[in-house]
Amino acid sequence: TGNASKLGVALGRGSLTDALPMALALVLFAAGVAVGTVLVDARRPAAALALQGALIAGFMAIVGCGEHPYYALEACSTSALGLQTAALTHVGGTTIRTSYVSGVLTNLTQGVVRRARGAPVDRRLGLLAAILVAYVAGATAGSVTLHDLRIWCLAIQLALLACAAGAMTRLS
């Protein structure tokens, strides 16, 4: 949503130079979702996570070599996010979106309000709360480890992706 809004502002101002990175981000994200969807529909969600891991590793390698070519880094990170969004869509029968917190927060808040108004307990509320906590914990861990580990703090994400892909492979 942020890139779409920034794209609209850049286009409205007539700045194609500013619009290009935002337009590319939307295309790259959609490409990641498309590839992830093909893999998930082929019952290979672990492959989507493995490809996401490869893109993160590529990002780390580019930065680790001292290079910072913007569009290469954008391609790795944005495509990886699209893959994750397509690969992790359901947990315990609950639809989730792992690449944006607003959907999780909206569903959690609606559930809490409905529960407060007398609706039956929705078992998904605990899952949604756990996902929200995971977002905050991940951001906190990232900011803490970034200072000391620099780009290598992403190795933690790679390890978590490997565990998730392994678990998905065993379950399928």
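The exercises below concern a predicted model of one protein chain, each with a worked solution.

**Exercise 1. Overall layout**

Task: State how many helices and strands the protein chain has, and in what order the elements run.

Solution:
- Step 1. The count gives seven helices and two strands.
- Step 2. Read from the N terminus, the order is α-α-α-α-β-β-α-α-α.
- Step 3. Along the principal axes, the C-alpha atoms occupy a box of roughly 55 × 45 × 40 Å.
- Step 4. Of contacts between residues at least 6 apart in sequence, 63% join residues at least 24 apart.

**Exercise 2. Surface and burial**

Task: Find what percentage of the residues is buried, and what percentage of the accessible surface belongs to carbon and sulfur atoms.

Solution:
- Step 1. The protein chain has 172 residues, and 29% of them are buried.
- Step 2. Its accessible surface is about 10,400 Å².
- Step 3. Carbon and sulfur atoms account for 67% of that surface.

**Exercise 3. The nonpolar cores**

Task: Identify the elements that give two or more residues to the largest nonpolar core, and the element with the largest share.

Solution:
- Step 1. The largest nonpolar core holds 16 residues, and Ala48, Leu49, Ile56, Met60, Ile151 and Leu154 have the most contacts inside it.
- Step 2. Two or more residues come from each of H3, helix H4 (70–87) and H7.
- Step 3. H3 supplies the largest share, six residues.
- Step 4. A second core is separate and has six residues, among them Ile96, Val104, Leu125 and Ile131.
- Step 5. For one member of the largest core, Leu154, the contacts beyond four places in sequence are Ile56, Phe59 and Met60.

**Exercise 4. A glutamine in H3**

Task: Decide whether Gln52 is buried or exposed, and list its contacts beyond four places in sequence.

Solution:
- Step 1. Gln52 is part of helix H3, which spans residues 45–64.
- Step 2. Its relative accessibility is 4%, and the cut-off for buried is under 20%.
- Step 3. Gln52 therefore counts as buried.
- Step 4. Leaving out residues up to four places away, Gln52 touches Ala80, Leu83, Gln84 and Leu161.

**Exercise 5. A nonpolar surface patch**

Task: Name the residues of the nonpolar surface patch, and place Trp152 relative to the helices.

Solution:
- Step 1. The patch is formed by Leu149, Trp152, Ile156 and Leu160, with about 410 Å² of accessible area together.
- Step 2. Trp152 sits in the loop between helix H6 (124–149) and helix H7 (154–171).
- Step 3. The relative accessible area of Trp152 is 49%, so this residue is partly exposed.

**Exercise 6. Side-chain pairs**

Task: Classify the aromatic pair, and give the closest N and O distance in the salt bridge.

Solution:
- Step 1. One aromatic pair is found in the whole structure.
- Step 2. The partners are Tyr70 and Tyr71, with 5.1 Å centre to centre and 85° between the planes.
- Step 3. Planes over 60 degrees apart count as edge-to-face, and the Tyr70 and Tyr71 pair is edge-to-face.
- Step 4. Tyr70 is partly exposed at 48% relative accessible area, and Tyr71 is partly exposed at 38%.
- Step 5. The search of the whole structure also finds one salt bridge.
- Step 6. Side chains of opposite charge can pair when their charged atoms come close.
- Step 7. Asp122 and Arg124 form a salt bridge, with the closest N and O atoms 2.7 Å apart.
- Step 8. Asp122 is partly exposed, at 23% relative accessible area, and Arg124 is partly exposed, at 38%.

Key
Residues are numbered from 1 along each chain as its sequence is written. This is a predicted model: local features need pLDDT of at least 70, side-chain atom pairs count only at pLDDT 80 or more; totals for chains, interfaces and linings use all residues. Side-chain values use heavy atoms; hydrogens and water are left out. Patches are made of residues with over 30% relative accessible area and no salt bridge: like charges are joined within 9 Å, nonpolar side chains (Val, Leu, Ile, Met, Phe, Trp, Tyr) within 5 Å. Accessible areas come from the Shrake-Rupley method with a 1.4 Å probe; for residues, only the protein chains shown count as cover. A salt bridge is a side-chain nitrogen of Lys or Arg within 4 Å of a carboxyl oxygen of Asp or Glu. Helices (H or I, at least four residues) and strands (E, at least two) are DSSP runs, numbered from the N terminus. Buried means under 20% relative accessible area, exposed over 50%, partly exposed in between (1.4 Å probe, protein chains only). Rings of Phe, Tyr and Trp (its six-membered ring) pair if their centres lie within 6.5 Å; planes under 30 degrees apart count as stacked, over 60 as edge-to-face and the rest as tilted. Contact means heavy atoms within 4.5 Å. A nonpolar core is a set of buried Ala, Val, Leu, Ile, Met, Phe, Trp, Tyr and Cys residues joined through side-chain atoms within 4.5 Å.
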